[in-house]
Amino acid sequence: MNSNEPSPATAEGPAAESAASPEARLAELEAKHAEMADAYLRAKAEVENTRRRAEEEIAKARKYAVESFAESLLPVRDSLEAAIANANATPEQVLEGVHATLRQLVAALERNKVVEVNPPVGTKFDPHQHQAISVVPADQEPNTVVAVLQKGYLIADRVLRPALVTVAAAK
């Protein structure tokens, strides 16, 4: 053999390495693929669990949304039942009880962010909070409140019931 000729072992060496290299690379890629597939399935399951928990929380929030409000109204009911049970009460006692019960009710509404809308006479008519029942001639600015026929209420900043008002007509 010539010293310039490659030996059979040397000729086969790089060929064997290149043949083994794609197989090793394939095995490496398959392992990475399996790892990524597992990570994907775990992430998908976690997202599904989070979505399910969120839906359960929303359902509970809807179901028990009025719990605080109902709790604050129970003393009002107790007071009314006590008034009914006391058949021997004088008219003055009944009136005093009614005023106390009204104070309880007002406090319960305020605790739950229910705010009264009772515009003073002369207030500019606000169609977002007032409902005009009639328009009458009056000695005041046009489009202002002349009288409140029924108070309105807001819950937080949302109109629960508009105030029913009479509005001054344009001259």
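Which residue forms a salt bridge with Arg53? That would be Glu46, and the closest N and O atoms of the two are 3.5 Å apart. Keep in mind as you look around that this is a predicted model.

## Overall layout

Let's start with the big picture. The protein has 3 helices and 6 strands. Follow the chain along its sequence and you get the pattern α-α-α-β-β-β-β-β-β, with the helices coming ahead of the strands.

How much of the protein is buried? Of the 171 residues, 13% fall into that class.

## Salt bridges on helix 1

The count of salt bridges comes to 8. Take Glu28 and Arg25 to begin with: their side chains meet in a salt bridge, at 3.2 Å from N to O. Both residues sit in helix 1, which covers residues 8-63. They are 3 residues apart, or about one turn of the helix. As for exposure, Glu28 has a relative accessibility of 39%, so it counts as partly exposed. Arg25 has a relative accessible area of 43%, which makes it partly exposed as well.

Back to the pair from the opening question. Glu46 is partly exposed because its relative accessible area is 43%, and a value of 39% puts its partner Arg53 in the partly exposed class too.

## A small network

Another pair to click on is Glu55 and Arg51, whose side chains form a salt bridge with an N to O distance of 2.5 Å. These two also belong to helix 1, and here the spacing is 4 residues, again about one turn of the helix. Glu55 comes out at 44% relative accessibility and Arg51 at 37%, so both are partly exposed. The story doesn't stop at two residues, though: salt bridges with shared partners tie Glu48, Arg51 and Glu55 together into one network.

## The largest pocket

Now for some empty space. The largest pocket holds about 180 Å³. Its lining is made up of Leu102, Leu105, Val106, Leu109, Glu110, Val114, Val115, Glu116, Lys151 and Tyr153. Two elements give two or more residues each to that lining, namely helix 3 (91-111) and strand 1 (114-117). Which of the elements gives the most to the lining? Helix 3 does, with 5 residues.

What kinds of residues face this pocket? By class, the lining has 7 nonpolar and 3 charged residues, and no polar ones. Glu110, Glu116 and Lys151 are among the lining residues, and so are Leu102 and Tyr153.

## A nonpolar patch on the surface

One more spot to look at is a nonpolar patch on the surface, formed by Val94, Leu95 and Val98. Together these three residues have about 260 Å² of accessible area.

Where is Val98 found? It belongs to helix 3, the element that gives the most residues to the lining of the largest pocket. Is Val98 buried, partly exposed or exposed? Its relative accessibility is 49%, so it counts as partly exposed; the exposed class needs a value over 50%.

Methods
Residues are numbered from 1 along each chain as its sequence is written. This is a predicted model: local features need pLDDT of at least 70, side-chain atom pairs count only at pLDDT 80 or more; totals for chains, interfaces and linings use all residues. Side-chain values use heavy atoms; hydrogens and water are left out. On a 1 Å grid over the protein atoms alone, a cavity is a set of points where a 1.4 Å probe fits but cannot get out, and a pocket is an open set with protein on both sides within 12 Å along at least five of seven lines; lining residues have an atom within 4 Å of a point. Grid points are joined across faces, edges and corners, and a volume is the space filled by probe spheres set on the points. Ala, Val, Leu, Ile, Met, Phe, Trp, Tyr, Cys and Pro count as nonpolar, Asp, Glu, Lys and Arg as charged, and the others, Gly among them, as polar. Patches are made of residues with over 30% relative accessible area and no salt bridge: like charges are joined within 9 Å, nonpolar side chains (Val, Leu, Ile, Met, Phe, Trp, Tyr) within 5 Å. Accessible areas come from the Shrake-Rupley method with a 1.4 Å probe; for residues, only the protein chains shown count as cover. A salt bridge is a side-chain nitrogen of Lys or Arg within 4 Å of a carboxyl oxygen of Asp or Glu. Buried means under 20% relative accessible area, exposed over 50%, partly exposed in between (1.4 Å probe, protein chains only).
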